[in-house]
Amino acid sequence: SFTGMVMIFSMKTFEKIFSEQLHKSSCLSISWSPHDPEIICTAGEDNQCHIFNIKDRKINTTITVQNKFKKVQWSRKEKTIAISCNDGSLYVRMEGGAYQIIKGSANAPLFDVAWSPFHSNWIACTDDEGGVLIFDTEEQTCRRAVEHKDKARPVLWSETIDYLLISGGWD
């Protein structure tokens, strides 16, 4: 059985220094807040996403949806989280609890998620129909950028050129 454990390991001692069950089933994704070293965000098979304070061992916020979350990533520039969803939409939660849900260009489940390092309102996602989608949180739009012949999986923005991203897929 899957227990939804989250663990932290020291690479100095190669020992586990933290362990906590945060989900009722598998934990699918974790993102460490770049704004607060005590805060992580997790997404699980139990349709929940938790914002968790490691030091206090306390869940600060739980987000629950009807469809599964897949991947979660913090924005580097703002205290905002992007979460790809199995129903093809992107869930974006801002500091203070406000959120938006932007529908993808198809109903295909989203997989990976990546914030642009140059444009704080651009988020790239991949989907199960081979799409690489660009979500704009200001305009609340989604554009399909490229097509793989099969499921698209990892997506990553270039750290040096503001208009380039790379993706991989099952093709």
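**Strands, loops and two buried residues in a predicted model**

Arg-57 lies in the loop that links strand 5 to strand 6, in a model that is predicted. The phi angle of Arg-57 is near 55 degrees, which is a positive value in a residue other than glycine. Most residues other than glycine have a negative phi. With a relative accessibility of 43%, Arg-57 counts as partly exposed, because that class lies between the limit for buried residues, under 20%, and the limit for exposed residues, over 50%. A second residue with a positive phi, again near 55 degrees and again not a glycine, is Gln-140, which is found in the loop between strand 13 and strand 14, the latter covering residues 141-147. Gln-140 is also partly exposed, its relative accessible area being 47%.

Strands 5 and 6, which flank the loop of Arg-57, belong to an open sheet of four strands, arranged in the order 3-4-5-6 and paired in the antiparallel sense. The edges of this sheet are formed by strand 3 (27-32) and strand 6 (58-64), each of which pairs on one side only. From one strand to the next, the twist averages 20 degrees. Within the sheet, strand 4, made of residues 39-44, is joined to strand 5, made of residues 48-53, by five bridges in an antiparallel pairing, and Ile-39 is placed opposite Asn-53 of strand 5. In a regular strand, side chains alternate between the two faces of the sheet.

Another antiparallel pair is made by strand 7 (residues 69-74) and strand 8 (residues 81-85), which are joined by four bridges. These two strands, strand 7 and strand 8, form a hairpin, and six residues lie between them. In this pairing, Phe-69 has Cys-85 of strand 8 as its bridge partner.

His-23 is located in the loop between strand 2 (15-21) and strand 3. It counts as buried because its relative accessibility is 2%, where the cut-off for a buried residue is under 20%. The side chain of His-23 makes a polar contact with the side chain of Thr-42 at 2.7 Å, and a further polar contact with the side chain of Asp-46 at 3.0 Å. When neighbours within four places in sequence are left aside, the residues in contact with His-23 include Thr-3, Gly-4, Gln-48 and His-50, together with Thr-42 and Asp-46.

Gly-131, found in strand 13 (residues 131-136), has a relative accessibility of 0% and therefore counts as buried. Not counting residues up to four places away in sequence, Gly-131 touches Cys-125, Thr-126, Arg-144, Val-146, Glu-147 and Ala-152. Between Gly-131 and Leu-110, which are 21 residues apart in sequence, the distance from C-alpha to C-alpha is 9.0 Å.

Taken as a whole, the protein contains 16 strands and zero helices. For 171 residues, a compact globule would be expected to have a radius of gyration near 16 Å, and the value of 16 Å found for the protein agrees with this. The C-alpha trace spans about 40 × 35 × 35 Å along its principal axes. Of the 171 residues, 45% are buried, while the protein exposes about 9300 Å², of which carbon and sulfur atoms supply 50%. Among the contacts with a separation of 6 or more, 33% are made by residues 24 or more positions apart.

Key: Residues numbered from 1 in each chain as written. Predicted model: local features only at pLDDT ≥ 70, side-chain atom pairs only at ≥ 80, totals over all residues. Heavy atoms only, no water. Pairing = 2+ DSSP bridges. Axes fitted to C-alpha atoms, helices over the stretch in contact; angles between N-to-C directions. Rg over C-alpha atoms; globule rule 2.2 N^0.38 Å. Buried < 20%, exposed > 50% of the residue type's maximum accessible area, 1.4 Å probe, protein only. Contact = heavy atoms within 4.5 Å. Areas by Shrake-Rupley, 256 points an atom, 1.4 Å probe, with all protein chains shown as cover. Polar contact = N/O pair within 3.5 Å; in protein donor to acceptor, adjacent residues only side chain to side chain.
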